[in-house]
Amino acid sequence: MNFIFGIIIVAMFIIALRVIWATAFQLLVIVKNGLSALRRHTAQWSARKAVPVIMPRISQAVDWETMSETVRREIQRRNSSSGNELDRLELQYQAKQKTIKLYEAEIEIAKLERELHKIKPVDVSPEPEAKKRRKAKTQPAQAATDAPSSKTAQQVFQLREALKGGGTTPPNNQPARH
C-alpha cells in the first residue's frame with residue numbers, strides 16, 4: 001500500500017513540476033513580448049521628439065514667379081542631362097545588341113560550314129583536266145540492247161560528278177566510263 005501511495009505522490013510531483021515549468025515559460029514569453037513592444041514604442045516616441053520639422057522663414061518679400069521659373073529651368077536642365085545620359089546608354093545598348101547579332105550570325109555561319117564540311121570535305125585535290133572521251137564503238141545490234149543501261153550509266157556518272165563537286169554535266173552523247 002505504501003508503494004502505491006509513493007507512486008501517486010511521485011506522479012503528482014512530476015505533474016506539479018510540468019505545470020510550474022509551463023507557467024514559467026508562458027510568463028517568460030509574455031514578458032519578452034511586452035519588453036519588445038515597450039522598446040518599439042519608446043523608439044518611435046524618441047524619434048518623433050528628436051528631429052523637429054522646422055519650416056524656413058523668409059524675412060523679405062519673395063518674387064514667387066521668378067523662383068518658380070528658376071526651379072523649372074533647373075529641373076529641365078537636370079532632366080535633359082539625364083536624357084542625354086539615357087540616349088548615350090540607349091546607343092550603347094543598341095551597339096551591344098548589334099554585336100550580339102553579329103556573333104550569332106558568325107556562329108550560324110560556322111555551323112553551316114561544319115555541315116558543308118560533313119557533306120563535302122575541304123581537302124579537295126585539284127582535278128586533272130578532263131580528257132576527251134572517245135565514243136565507244138558499238139555494233140548496231142548491241143546498241144539497241146545497251147540503250148537502257150547506257151542511260152543508267154550516264155545518270156550514275158552525273159551523280160558522281162555532282163557529288164565530287166564538279167557540277168558540270170557531261171553531254172548526252174558521251175557514255176560513262178567505269
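The exercises below, with worked solutions, concern a predicted model of one protein chain.

**Exercise 1. The fold and its confidence**

Task: Find how many helices and strands the chain has, and state which helix has the lowest mean pLDDT.

Solution:
- Step 1. Count the elements: there are three helices and zero strands.
- Step 2. Write them in sequence order, which gives the pattern α-α-α.
- Step 3. Take the confidence of the whole chain: the mean pLDDT is 78, and 71% of the residues reach 70 or more.
- Step 4. Compare the elements: helix H3 (residues 140-164) has the lowest mean pLDDT, 66, while H1 has the highest, 91.
- Step 5. Apply a general caution: where pLDDT is low, the predicted coordinates should not be read in detail.

**Exercise 2. Buried residues and surface**

Task: State what percentage of the chain's residues is buried, and what share of the accessible surface belongs to carbon and sulfur atoms.

Solution:
- Step 1. Buried means under 20% relative accessible area.
- Step 2. With that cut-off, buried residues make up 3% of the 178 residues.
- Step 3. The accessible surface of the chain is about 17,300 Å², and carbon and sulfur atoms account for 63% of this area.

**Exercise 3. Salt bridges in helix H2**

Task: Find the salt-bridge partners of Glu69, and explain how their positions in the sequence relate to the turns of the helix.

Solution:
- Step 1. Recall that side chains of opposite charge can pair when their charged atoms come close.
- Step 2. The search of the whole structure gives four salt bridges.
- Step 3. One of them links Glu69 to Arg72, with 2.7 Å between the closest N and O atoms.
- Step 4. Arg72 and Glu69 are three residues apart in helix H2 (residues 64-119), so about one helical turn separates them.
- Step 5. Glu69 also forms a salt bridge with Arg73, at 3.9 Å from N to O. These two residues of helix H2 are four residues apart, about one turn.
- Step 6. Check the exposure: Arg72 is partly exposed at 41% relative accessibility, and Glu69 is partly exposed at 34%.
- Step 7. Turn to another pair, Glu74 and Arg77, whose closest N and O atoms are 2.5 Å apart in a salt bridge. They are three residues apart in helix H2, and therefore about one helical turn apart. Glu74 is partly exposed, with a relative accessible area of 29%.
- Step 8. Look for shared partners: salt bridges join Glu69, Arg72 and Arg73 into one network.

**Exercise 4. A nonpolar patch**

Task: Identify the residues of the nonpolar surface patch, and place Ile7 in its helix.

Solution:
- Step 1. The patch consists of Met1, Phe3, Ile4, Phe5, Ile7, Ile8 and Met12.
- Step 2. Together these residues have about 800 Å² of accessible area.
- Step 3. Ile7 lies in helix H1 (residues 2-50).
- Step 4. A patch residue needs over 30% relative accessible area. Ile7 has 45% and counts as partly exposed.

Note on methods:
Residues are numbered from 1 along each chain as its sequence is written. This is a predicted model: local features need pLDDT of at least 70, side-chain atom pairs count only at pLDDT 80 or more; totals for chains, interfaces and linings use all residues. Side-chain values use heavy atoms; hydrogens and water are left out. A salt bridge is a side-chain nitrogen of Lys or Arg within 4 Å of a carboxyl oxygen of Asp or Glu. Buried means under 20% relative accessible area, exposed over 50%, partly exposed in between (1.4 Å probe, protein chains only). Patches are made of residues with over 30% relative accessible area and no salt bridge: like charges are joined within 9 Å, nonpolar side chains (Val, Leu, Ile, Met, Phe, Trp, Tyr) within 5 Å. Accessible areas come from the Shrake-Rupley method with a 1.4 Å probe; for residues, only the protein chains shown count as cover. pLDDT is the predictor's confidence in each residue, from 0 to 100.
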